[in-house]
Amino acid sequence: MIHTTLFPGTFRQIFSLSNDEVADAFEQVADLLEAQGDDYYRIRAYRKGAQSVRNHSKPVVDLYEAEGKAGLEKLTYIGQGLAGAIAELATTGQLSLLERLLIDVSPEDLFTTVPGVGQVLARRIYRGLGIESLEELAQAAADGTLEQMAGFGEGRVA
């Protein structure tokens, strides 16, 4: 949901995102950075930031609206970079880093972040089934499609 705020001489939109939605975006960034082999500390920052946002009692978007980035930086594990990412999500409804990473990371690289799936199985999933996202992979595991492929028994699918 979008709500608008009028300030003297300005007009701005704030996207009403839940803490879970913001945290999910951060976790997705961390997963994609990990698939690219990015810096461990950067990945950890997004994961810790996601945890902090998810555990915060009030919506961080409301905190941003009330106190700006400075208010966000008071949260545990939220520094300037993550505060800026929350501000971007709040004002645009999107995270440009996430959009770029989604374009840059191949589905095969993304699948290797799943425990038990290496480069060979990831390639088979992508080429054999045409699956391109983790959501599609989860669906294929749930509906039994993965079990029909060589190398995927009950244990690995679970």
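Two aromatic rings of Phe, Tyr or Trp count as a pair if their centres lie within 6.5 Å. By this rule the structure, a predicted model, holds two aromatic pairs. Phenylalanine 26 and tyrosine 46 form an edge-to-face pair. Their ring centres are 5.6 Å apart, and the planes meet at 85°. Phenylalanine 26 belongs to helix H1 (residues 19–35), and tyrosine 46 belongs to helix H2 (residues 40–55). The pair therefore ties together parts that are 20 residues apart in sequence. Phenylalanine 26 and tyrosine 46 are both buried. The other pair joins tyrosine 40 and tyrosine 41. It is edge-to-face too, with 5.1 Å centre to centre and 80° between the planes. Here the residues are exposed. Tyrosine 40 has a relative accessible area of 52%, and tyrosine 41 has one of 54%. Each counts as exposed because its value is over 50%.

The overall fold comes next. The protein chain has nine helices and two strands. From the N terminus, the order of elements is β-β-α-α-α-α-α-α-α-α-α. The C-alpha trace spans about 65 × 30 × 30 Å along its principal axes. The chain has 158 residues, and 37% of them count as buried. Contacts between residues at least 6 apart in sequence were also examined. Of these, 50% join residues at least 24 apart.

Helix packing was then described pair by pair. Two packed helices are described by the angle between their axes and the distance between the axes. The axes of H1 and H2 come within 8 Å. They cross at roughly 165°. That angle is over 145°, so H1 is roughly antiparallel to H2. The crossing of these two helices is left-handed. On the H1 side, the contact includes Asn19, Val22, Ala23, Phe26, Val29, Ala30 and Leu33. Charged residues of H1 also take part, among them Asp20, Asp24, Glu27, Asp31 and Glu34. On the H2 side, the contact includes Ile43, Tyr46, Gly49, Ala50 and Val53. Arg42, Arg47 and Arg54 of H2 take part as well. The contact residues divide into ten nonpolar, two polar and eight charged. The aromatic partners phenylalanine 26 and tyrosine 46 are thus among the residues of this contact.

Asparagine 19 lies in helix H1. It is buried, with a relative accessible area of 9%. The cut-off for a buried residue is under 20%. Where does asparagine 19 make contact, once neighbours within four places in sequence are left aside? Its partners are Val53, Arg54, His56, Lys58, Pro59 and Val60. Val53 and Arg54 are also listed in the contact of H1 with H2.

H1 also packs against H5, which covers residues 96–104. The angle is about 40°, and the axes are 10 Å apart. This crossing is left-handed. Ala25, Gln28, Val29, Leu32 and Leu33 of H1 make the contact with Leu97, Leu98, Leu101 and Leu102 of H5. These residues divide into eight nonpolar, one polar and no charged. Val29 and Leu33 of H1 are named in this contact and in the contact with H2.

Valine 105 sits in the loop between helix H5 and helix H6 (107–111). Is this loop residue buried or exposed? Valine 105 is buried, with a relative accessible area of 10%. Apart from neighbours within four places in sequence, valine 105 touches Leu32, Ala35, Gln36 and Leu110. Leu32 also appears in the contact of H1 with H5. Valine 105 and glycine 49 are 56 residues apart along the chain. Their C-alpha atoms are separated by 22 Å.

A further pair is formed by helix H3 (residues 60–72) and helix H4 (residues 80–92). Their axes come within 10 Å and cross at roughly 140°. H3 and H4 are therefore oblique to each other. H3 passes H4 in a left-handed crossing. Val60, Val61, Tyr64, Lys69 and Leu72 of H3 face partners in H4. Those partners are Ala83, Gly84, Ile86, Ala87, Ala90 and Thr91. The contact residues divide into eight nonpolar, two polar and one charged. Val60 of H3 is also a contact of asparagine 19.

Key: Residues numbered from 1 in each chain as written. Predicted model: local features only at pLDDT ≥ 70, side-chain atom pairs only at ≥ 80, totals over all residues. Heavy atoms only, no water. Axes fitted to C-alpha atoms, helices over the stretch in contact; angles between N-to-C directions. Helix = DSSP H or I, 4+ residues; strand = E, 2+ residues; numbered from the N terminus. Parallel < 35°, antiparallel > 145°, perpendicular 65-115°, else oblique. Left-handed = near helix turned anticlockwise from the far one by under 90°. Contact = heavy atoms within 4.5 Å. Phe/Tyr/Trp six-rings, centres within 6.5 Å; stacked < 30°, edge-to-face > 60°. Buried < 20%, exposed > 50% of the residue type's maximum accessible area, 1.4 Å probe, protein only.
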